[in-house]
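Thanks for coming. I will take one structure and go through it piece by piece, starting with the whole chain and then moving to its parts.

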Amino acid sequence: MEEKQSKFHGLLFLFFFVFGMIASVWIVLRNGWWLPELASDRETIDRIFITIFIIAGILFVISELVLSYFIFRYSGQPGKKAFYLPGTTRKEILWSILPGTLVVIILEISAEFLGGASLWGKIHGEIPKDAFLVEITGEQFAWSLRYPGPDGKFGRTDPSLISYDNPLGIDISDEAAKDDIVFPAGQGIMYLPLDHPVVLLIRSKDVIHSPFLPNFRVKQDAVPGMTTRTWFVPKKEGEFELACAELCGLGHYRMKLPVVVKPMEEVKQWLSEQTPAGDIYY
Ligand SMILES: [Cu+2]
């Protein structure tokens, strides 16, 4: 009776593994759960993502099948008793080195052959001189935005100047600050120019946040006390969304920001219609 039950459980395991895999693939395909359409110059990210996804997917299917087969094949049988297998250092080393090597190989392939290293170098290297600048500041639980205005320079800020009326602590005595355009937390729209390098300068007022632009394959942490940076080129006109990718508290889900990509002239036109900091802060 017990052996029969054991066999039955083994069979159930096999069934649920196979059925579970087919069902998950079906649900994902049916709902179209996949990366949103690429809207920037970061096609390298997709290439690496898909390659790793395929390699990991194949390994996952193989290991699930082997595991479920073993559970079924070696389920309880009359006259057979489970025995204790002590660990051996040799085997431990072997099954640490094997997956370790595989990870290094995948890393090398991604970096050298799929463009990972050159994308990293590009993002962290020199910024194009005529880049379009946007400063984004996270706080619990919204984003503030700042554009440098016609002079292309951000004015000085000082945490001691932060107040309800001056949410970013703009020092208006600084010439470069007067034409800055500020959108207080939750009131801004991120306008970006099409086919033009965009630099995001990223700051935080409290905890770690992370501006995430899924359509542009851009994600960079906002770290309190420093300005982090990333840059990319928007390649598609339209409306997108920025979300916070770092669980930063109860209102984390609310940290969304509309993003609009338009040709440069329209972005400039829109910016010229906004009120500069010099007219608001004194
Ligand atoms: Cu956040």
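One term first: a contact here means heavy atoms within 4.5 Å. With that in hand, take the contacts in the protein chain between residues at least 6 apart in sequence: 72% of them join residues at least 24 apart. Please keep in mind that this is a predicted model.

Now the overall dimensions. The C-alpha atoms of the protein chain fill a box of roughly 90 × 40 × 40 Å, taken along the principal axes. The radius of gyration is 26 Å, whereas a compact globule of 282 residues would have one near 19 Å. Of those 282 residues, 36% count as buried. The chain exposes about 17,700 Å², and carbon and sulfur atoms supply 64% of that area. As for secondary structure, the protein chain has five helices and 10 strands.

Let me start with helix H1, which covers residues 2–31 and includes Val28. Is Val28 buried, exposed or partly exposed? Its relative accessibility is 34%, so Val28 counts as partly exposed. For a sense of distance, Val28 and Phe183 are 155 residues apart along the chain, and their C-alpha atoms are separated by 38 Å.

On to the sheets. One open sheet has five strands in the order S3-S2-S1-S5-S8, with mixed pairing. Its edge strands are S3, residues 181–183, and S8, residues 228–232, and each of these pairs on one side only. Neighbouring strands in this sheet are turned against each other by 20 degrees on average, direction ignored.

We can walk across this sheet pair by pair. Strand S1, residues 132–139, runs antiparallel to strand S2, residues 142–147, and five bridges join the two. One of the positions to look at is Glu135, whose bridge partner in S2 is Arg146. Going the other way, S1 pairs with S5 in the parallel sense over seven bridges. There, Thr137 stands opposite Arg203 in S5.

The next pair is S5 and S8, which is antiparallel, with five bridges. Two positions show the register: Leu201 stands opposite Arg229 in S8, and Ile202 stands opposite Thr228 in S8.

How many residues of strand S5 are buried? S5 spans residues 198–204, and six of its seven residues are buried, which leaves the strand mostly covered. S8 is mostly covered too, with four of its five residues buried.

S8 also brings us to helix H4, residues 116–124. The buried residues of H4 are Gly116, Leu119 and Ile123. Seen down the helix axis, these buried residues fall within an arc of 65 degrees, so they line one face of H4. What covers them includes helix H2, residues 43–73, helix H3, residues 89–113, and S8.

Now the other five-stranded sheet. It is open as well, the order is S4-S10-S9-S6-S7, and the pairing is mixed. S4, residues 190–193, and S7, residues 218–219, stand at the edges with a single partner strand each, so one side of each has no neighbour in the sheet.

At the S7 end, strand S6, residues 211–213, pairs with S7 in the antiparallel sense over two bridges. Phe212 has Lys219 as its bridge partner in S7.

At the S4 end, S4 and S10 run parallel and are joined by four bridges. The bridge partner of Leu192 in S10 is Val261. Which way do the residues of S4 point? Met190 and Leu192 point one way, Tyr191 and Pro193 point the other way, and all are buried.

Last, helix H5, residues 264–272. H5 lies across S1, S2 and S3, running at about 55 degrees to S1. H5 also packs on the sheet that holds S4, touching S4 and strand S10, residues 256–262, and its direction makes about 145 degrees with that of S4.

To leave you with one item to look up in the model, take H5: this helix lies across S1, S2 and S3, and it touches S4 and S10. That is all from me.

How values were computed. Residues are numbered from 1 along each chain as its sequence is written. This is a predicted model: local features need pLDDT of at least 70, side-chain atom pairs count only at pLDDT 80 or more; totals for chains, interfaces and linings use all residues. Side-chain values use heavy atoms; hydrogens and water are left out. Two strands pair if DSSP finds at least two bridges between them. Axes are lines fitted to C-alpha atoms, for helices over the stretch in contact, and angles run from 0 to 180 degrees between N-to-C directions. The radius of gyration is taken over C-alpha atoms; the globule rule is 2.2 Å times the number of residues to the power 0.38. Buried means under 20% relative accessible area, exposed over 50%, partly exposed in between (1.4 Å probe, protein chains only). Accessible areas come from the Shrake-Rupley method with a 1.4 Å probe; for residues, only the protein chains shown count as cover. The arc is that of the directions from the helix axis to the C-beta atoms.
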